[in-house]
Amino acid sequence: MKKYNKIILLIMLGIFLSCSESFLERTPEFAVSDEVAITNVEDMETSITGVYDEISGAYYYGRYMFLIPDVMADDLKQNEQANRIVDYAEHVQNVSDPQASALWAGMYYANNALNNIINSDVPVTGANQNVKDHLLGEAHALRGLVYFDLVRLFAQHYTYTADANHLGVPLILEFDPTLEPERNTVKEVYDQIISDMTTAISLMNDTSRSGNSNTLSATSVKALLSRVYLYKEDWVNAEAMATEVINAGYSLVPNDNYLALWTTDNSSESLFEISMTDVDNQGGNSIAAMYVEDGYGDYLPSKDVVSLYDAGDARLQTFLEDTQLAGDYAPFRVNKYPEVLGTDNTKVIRLAEIYLIRAEARAEIGTNISGAQDDLDAVHQRALPSALDNTDTGQALKDAIFLERRLELCFEGQRLWDLMRKKMDIVRTQCTSSICQITYGSDTLILPIPQDETDVNPNITQNPGYK
């Protein structure tokens with residue numbers, strides 16, 4: 001934990017990638033007790049707001065939480081001029097990689113801040129109790145989300161081993177500047193995630209504090225928890241959580257307004273999205289800048305994924321034709337993040353995914369096949385109203401749902417983990433990379449524990465394949 005707090009200080013000063021060793025040895029300003037840092041409900045709210053700001057950064061949901069897993073899979077290809085995170089696209093990342101270090105540091109910074117809130121003892125009376133409970137619920141939910149993201153990035157998926165007893169990430173639930181933690185198992189991390197999110201739901205209101213999807217509500221936490229259960233292959237709970245969300249009053253954006261989904265903040269189907277105001281946005285460090293012509297344009301949609309859509313599918317609007325592209329790179333760009341300065345909110349989870357979660361859970365359970373078909377149709381026919389009702393059963397239905405996830409959720413940071421949890425190889429069929437197939441279970445499917453961490457923590461184990 002000592003290292004985490006050193007990294008935290010460096011992040012706060014914005015220069016952690018270029019500091020001297022002597023600077024690293026300074027006492028972190030963040031290293032204060034819960035009682036000193038948070039004494040009232042207003043302090044709790046300020047701290048929670050700080051965490052939302054932190055996760056909006058370029059090293060987290062502002063760019064790399066979506067971009068890194070996507071470039072590691074098969075829906076994106078590098079432009080020939082690409083010079084950012086190319087190592088991930090080529091699966092040659094290493095322990096000194098600055099993006100892995102930034103993700104690790106930023107997430108544990110957020111975790112420390114959330115622990116500070118959760119472990120505080122703030123006295124309240126009357127109406128303030130409900131406010132405090134909701135804020136405490138947000139802290140639990142965000143901590144669950146942080147650990148879910150950490151364990152996906154730095155560990156193999158839940159069913160990689162039969163009992164999920166393989167290495168996950170360290171669980172740090174209390175402030176201790178002397179701690180040198182070992183890695184918990186993936187099962188232990190998932191248990192904590194589920195505990196945090198379940199606690200959050202019990203404390204929170206159905207309406208968010210902001211009145212929109214920029215902050216969490218009990219319903220949006222249920223949506224996140226349905227995704228956790230899906231990845232765990234707990235089909236019964238995945239279906240139950242998804243059903244509660246679907247019944248909560250959200251609605252899919254209609255077919256004729258589909259493209260506006262990506263430029264409209266807090267649409268009718270948005271359950272949780274990261275606010276990117278003129279003040280908050282990442283500018284040239286945004287995920288948009290990696291895709292659009294007026295930005296770096298480093299990554300382009302693969303023909304593998306573009307070729308899968310039927311003519312007339314509204315989702316084809318999320319591919320923008322660029323007549324300046326030629327050869328293997330022609331002719332499309334990603335259009336889900338159209339504003340080059342990154343002022344469009346980042347959609348973390350939305351209702352279309354919840355329908356597909358419930359469809360997959362129902363198909364796996366096998367007792368409500370018509371319900372699974374209806375859920376699949378809700379998403380597919382929103383995009384292509386002329387599509388016939390789905391009549392698939394068995395493995396054909398599961399395959400159709402898996403395909404629909406790719407069509408609906410591409411470039412939203414999902415594809416890599418969908419392939420991993422289905423234990424499938426990554427096959428880049430129209431390949432412009434030096435590596436066109438990555439075998440399931442390969443060491444490079446997960447990020448290295450940063451060298452900065454292993455240098456100072458003798459108890460932490462590096463991921464296989466990294467030295």
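This tour moves through a predicted model, one selection at a time.

**Aromatic pairs**

Begin with the rings of Phe, Tyr and Trp. The structure holds 16 aromatic pairs. A pair of aromatic rings is described by the distance of the centres and the angle of the planes.

Select Phe 148 and Tyr 231 first. The ring centres of Phe 148 and Tyr 231 are 5.3 Å apart and the planes stand at 70°, so this pair is edge-to-face; the angle required for that class is over 60 degrees. Colouring by secondary structure places Phe 148 in helix α8 (residues 128-154) and Tyr 231 in helix α10 (residues 218-232), so the pair ties together parts that are 83 residues apart in sequence. Are these two residues buried or exposed? Phe 148 is buried, with a relative accessible area of 1%. Tyr 231 is also counted as buried, at 5% relative accessibility.

Keep Tyr 231 selected and add Arg 421. Arg 421 lies over the face of Tyr 231, at 5.5 Å from the ring centre. For a second arrangement of this kind, select Arg 84 and Tyr 296: Arg 84 lies over the face of Tyr 296, with a distance of 3.4 Å from the ring centre.

Next, select Tyr 291, Tyr 309, Phe 319, Phe 332, Tyr 337 and Phe 411 together. Ring pairs link these six residues into a cluster.

**From the cluster to strand β4**

Retain Phe 332 from the cluster and select Glu 321, which is found in strand β4 (residues 319-321). Which residues does Glu 321 touch, leaving aside its neighbours within four places in sequence? The contacts of Glu 321 are with Pro 331 and Phe 332. Glu 321 is exposed, with a relative accessible area of 55%; the class begins over 50%. For a longer distance, draw a line from the C-alpha of Glu 321 to that of Leu 261: these residues are 60 residues apart in sequence and 19 Å apart in space.

**Ile 68 in helix α5**

Move to Ile 68, whose place is in helix α5 (residues 64-72). At 0% relative accessibility, Ile 68 is classed as buried. Show the side chains around Ile 68: apart from neighbours within four places in sequence, this residue is in contact with Ile 85, Tyr 88, Gln 99, Leu 103 and Leu 447. Then select Ala 89, whose C-alpha lies 8.0 Å from that of Ile 68, with their positions 21 residues apart in sequence.

**Ala 240 in helix α11**

Go on to Ala 240 in helix α11 (residues 235-246). Ala 240 has 35% relative accessibility and therefore counts as partly exposed, the range between 20% and 50%. Add Arg 358 to the selection: the C-alpha atoms of Ala 240 and Arg 358 are separated by 8.1 Å, although the two residues are 118 residues apart along the chain.

**Two backbone positions**

Turn to the backbone. Most residues other than glycine have a negative phi.

Select His 91, in the loop between α6 (86-89) and α7 (98-118). Phi of His 91 is near 60°, a positive value in a residue other than glycine. At 6% relative accessibility, His 91 is counted as buried.

Then select Asn 266, in the loop between α11 and β2 (270-274). Asn 266 is not a glycine, yet it has a positive phi of about 60°. With 26% relative accessibility, Asn 266 counts as partly exposed.

**Internal cavities**

End with the enclosed space. How many cavities of 30 Å³ or more does the structure hold? There are 6.

The largest cavity has a volume of about 110 Å³. To centre the view on it, select Leu 76, Lys 77, Arg 428, Thr 432 and Ser 433, which lie nearest its centre among the 14 lining residues. Strand β1 (residues 76-78) gives the most to this lining, with 3 residues. By class, the lining of the largest cavity comprises 5 nonpolar, 5 polar and 4 charged residues.

The second largest cavity contains about 80 Å³ of space. Select Ser 286, Ile 287, Gly 342, Asp 344 and Thr 346, which lie nearest its centre among 12 lining residues. The lining of the second largest cavity divides into 4 nonpolar, 6 polar and 2 charged residues.

Definitions and conventions: Residues are numbered from 1 along each chain as its sequence is written. Side-chain values use heavy atoms; hydrogens and water are left out. Rings of Phe, Tyr and Trp (its six-membered ring) pair if their centres lie within 6.5 Å; planes under 30 degrees apart count as stacked, over 60 as edge-to-face and the rest as tilted. Helices (H or I, at least four residues) and strands (E, at least two) are DSSP runs, numbered from the N terminus. Buried means under 20% relative accessible area, exposed over 50%, partly exposed in between (1.4 Å probe, protein chains only). A charge sits over a ring if NZ of Lys or CZ of Arg is within 6 Å of the ring centre and within 35 degrees of the ring normal. Contact means heavy atoms within 4.5 Å. On a 1 Å grid over the protein atoms alone, a cavity is a set of points where a 1.4 Å probe fits but cannot get out, and a pocket is an open set with protein on both sides within 12 Å along at least five of seven lines; lining residues have an atom within 4 Å of a point. Grid points are joined across faces, edges and corners, and a volume is the space filled by probe spheres set on the points. Ala, Val, Leu, Ile, Met, Phe, Trp, Tyr, Cys and Pro count as nonpolar, Asp, Glu, Lys and Arg as charged, and the others, Gly among them, as polar.
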